[in-house]
Amino acid sequence: LYDSQNFYRKNNSFFQTYCFKEEREEFECVVLPPTHKDGKLGLLLDYKHYNKDTQYFSHRITTRDNKVHNARLMVKISQTESLIDPLDFRFRDGRHEACRGDNTWKPVTFVGMCFLCPQDESVLNESDIQSMEFVHLVRDWEIDFPSIVLTYKPDDGKALYNRIKVMTNHFGGIQSQCAVQPTFERQRNKDQYASNIATKLNAKLSTIYDKAVSWTSESDGSSGGEGGLPWVGEAPTLVIGVGMVHGMGYSSKSVVTAYFCLDNGCMRLSNSCFVQGKSDIISEGVMKDIIKVSIEHYIIENNHGPERILFYRDGMSDGHFPRANDEIASIRAAAKEQLQSPIPITFVICQSQQLGFRMVPSVQTFNNRGTPNTNCLSGTMLECGPSSFYLIAQGGMKGTSKPVKYIIHLNENLNPTGRHSGLTMQNLISCTNQMSWNYPSASKAVRELPMIKYSKKLGNQVLGSLMCLEAGCHWFGKSIKLVCPPEDTGNEEETRPYLELRNAEGAVIDPEHRQHNIVDMPFRNHLAA
C-alpha cells in the first residue's frame, strides 16, 4: 500500500482500515501511505477503546535538541484550537470533515499536522523535529485491505478489462468492479445501470464472513430437503461447472477453469483455474486439483463435506465422449482421497457451440404488430432420447433461440436414497433450468449455466495474461512468473505449468510447493468470494 499518485498527501487525508495481531484481536487504525513502495509504512491505532498506554503513541521523535519523545500525530484546523485525532478526520466529497464532540461530521479547514507529547502536553511541529520513526510498523500487523476496487473505464476494450481483472482478482487477491463511462452516459435510465452495478457488488462482496446473496431459491421440501434448488437442496451436493479455452495459433496452452457452488441455492460460488498443454481433454492432475479445491472450499463454507457430486462439463465434442471416462476416474479418485470415502457422481456434458442450429416454436404466433414470433419462451425443453435434452433457459426478445444440449454420460444419483429423490431426467431438467436463473451478476437467466459462463469468462482473462505471466511480473516487491517445464522432462505432474513466486532478494518463496492454481487468492477474507 503506497500513495503512488500522491493522493493522500495532496489532500492531507488518511486511509482508514482495520489491523490484526496473531491473537486475531481487531483494531481500528489509519495509515498515511508513503509516496513510494520502499517507504516505511506505519499505523495510527485507535486508542479510545483499548489500552491507551501501549497504543496511543504513533511516533518516536528526536527533537533538534536531541531529546526523545513518544508522540501522536494530530491535525490542526482553523475552527478550533483543539487538536483533532486522525481517526476523527476525513476527506469526503472534496472537503475535509471532523467528528466533533456530538459525534457529527462537520466541514473544517485544514491548517497542518503536528505531534502531541502527552508527557508534558507539548506540541511539536515539523520544524522542531530532527528525526522520527513509527512506533507501530505494518510489518508487525496484518492489514485488512479494501474488499473491492471500483474502476471507471474510458471504453469497453477487452485488453484493459482483462488487465484490471488479472491485477486485482488474481495477483492482489481483491475483488474489482468495472463501469464504462460511455455506456453509463448513454443510458436513458442511469438508476437502472447503477442498480445492475449494485447487484454485481453484492455478489462479489459475499465472503465466508458475510454470506450475502441477492435472492434465494426454495424448493417445496417434499423430498426432505432444506430449501434451495430442486434435488440439490435435498442433501449436501457439490455442483461443479468446468469450461475450457484454448490459445490460438502458436500457443500450446489450454486454460481449464472451474466454478463450484457453495450453497444449496447455487448463488455463492468459488473458482479455480489451471493451465495445461493444449488439449480438449482435462489432464488427470488438473481434474484432481479441481475436485480437491472444490471440496476444500465446500467444507470451509458448510463445516461438512458433500454427499454427492453433480458435474457439468462444457466443451466436449461427440468424438471425445469415450475419454470422459478418464475424467470421471480422476474425479472419483480425488473425491475419495479428500473425503476418505467414495460418493456418487453425475457427469453431464454441455454442448453450446457445436450444435449448428436454432429452435423456433412449432406453433407460429404473431406479436401486436403482426410480425411472427420466432423465439422460444424461457424454459423451453426438448428431450432427445433417454439420456439427453435441449434446454432454452434464456428467452430471447427477438430473433431465434439457441439451445444448449445436455448429455448425461454417467448418473450414479439416479436411484432415491432414504428420504431423498433420485436425479431423474425430469429432476435434472428442473434443476438445470432453475440454476440458469440463479445468476449472481444480474436478475435474469443466462443461456449457459452461470458456472459455465463464469468459467469461460475467467478462462479468457487468464489466457489473455499468459504472455505477461510467462515473461514475469512484479507485484509489490515480489516477482511472479508462470513456469512451463518442457513436456519431455518427466511425467505429467512434473511438466504441469505453475506459478513461481520470488521475494525482493530473488529467492523462491516456498520452493517445495508448486502453485498450479492460477487464481489462488492470498487474503483470508476472499477465500470463498
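Is cysteine 178 buried or exposed? In this predicted model, cysteine 178 is buried, with a relative accessible area of 13%.

**View 1. Cysteines of the predicted model, considered as possible disulfide partners.** A disulfide is a covalent bond between the sulfur atoms of two cysteines. Counted with a cut-off of 2.5 Å between cysteine sulfur atoms, the model contains zero disulfides. For cysteine 431 the closest cysteine sulfur belongs to cysteine 266, and because the two sulfurs lie 6.4 Å apart, they are too far from each other for a bond. Cysteine 431 also counts as buried, its relative accessibility being 0%.

**View 2. The largest nonpolar core, with methionine 435 among its members.** This core holds 44 residues, of which Val239, Leu310, Tyr312, Tyr406, Met435 and Met451 touch the most other members. Helix α9, which covers residues 450-471, gives the most to the core, contributing seven residues. When residues up to four places away in sequence are left out, methionine 435 touches Leu229, Val239, Cys266, Leu310, Tyr312, Leu449, Pro450 and Met451.

**View 3. A second nonpolar core, separate from the largest one.** This second core is made up of 33 residues, including Met244, Ile282, Ala324 and Ile407.

**View 4. The hairpin formed by strands β5 and β6.** Strand β5 (residues 68-77) and strand β6 (residues 80-84) run antiparallel and are joined by two bridges. Two residues lie between the strands of this hairpin, and isoleucine 77 stands opposite threonine 80 in β6.

Notes. Residues are numbered from 1 along each chain as its sequence is written. This is a predicted model: local features need pLDDT of at least 70, side-chain atom pairs count only at pLDDT 80 or more; totals for chains, interfaces and linings use all residues. Side-chain values use heavy atoms; hydrogens and water are left out. Two strands pair if DSSP finds at least two bridges between them. Helices (H or I, at least four residues) and strands (E, at least two) are DSSP runs, numbered from the N terminus. Buried means under 20% relative accessible area, exposed over 50%, partly exposed in between (1.4 Å probe, protein chains only). A nonpolar core is a set of buried Ala, Val, Leu, Ile, Met, Phe, Trp, Tyr and Cys residues joined through side-chain atoms within 4.5 Å. Contact means heavy atoms within 4.5 Å.
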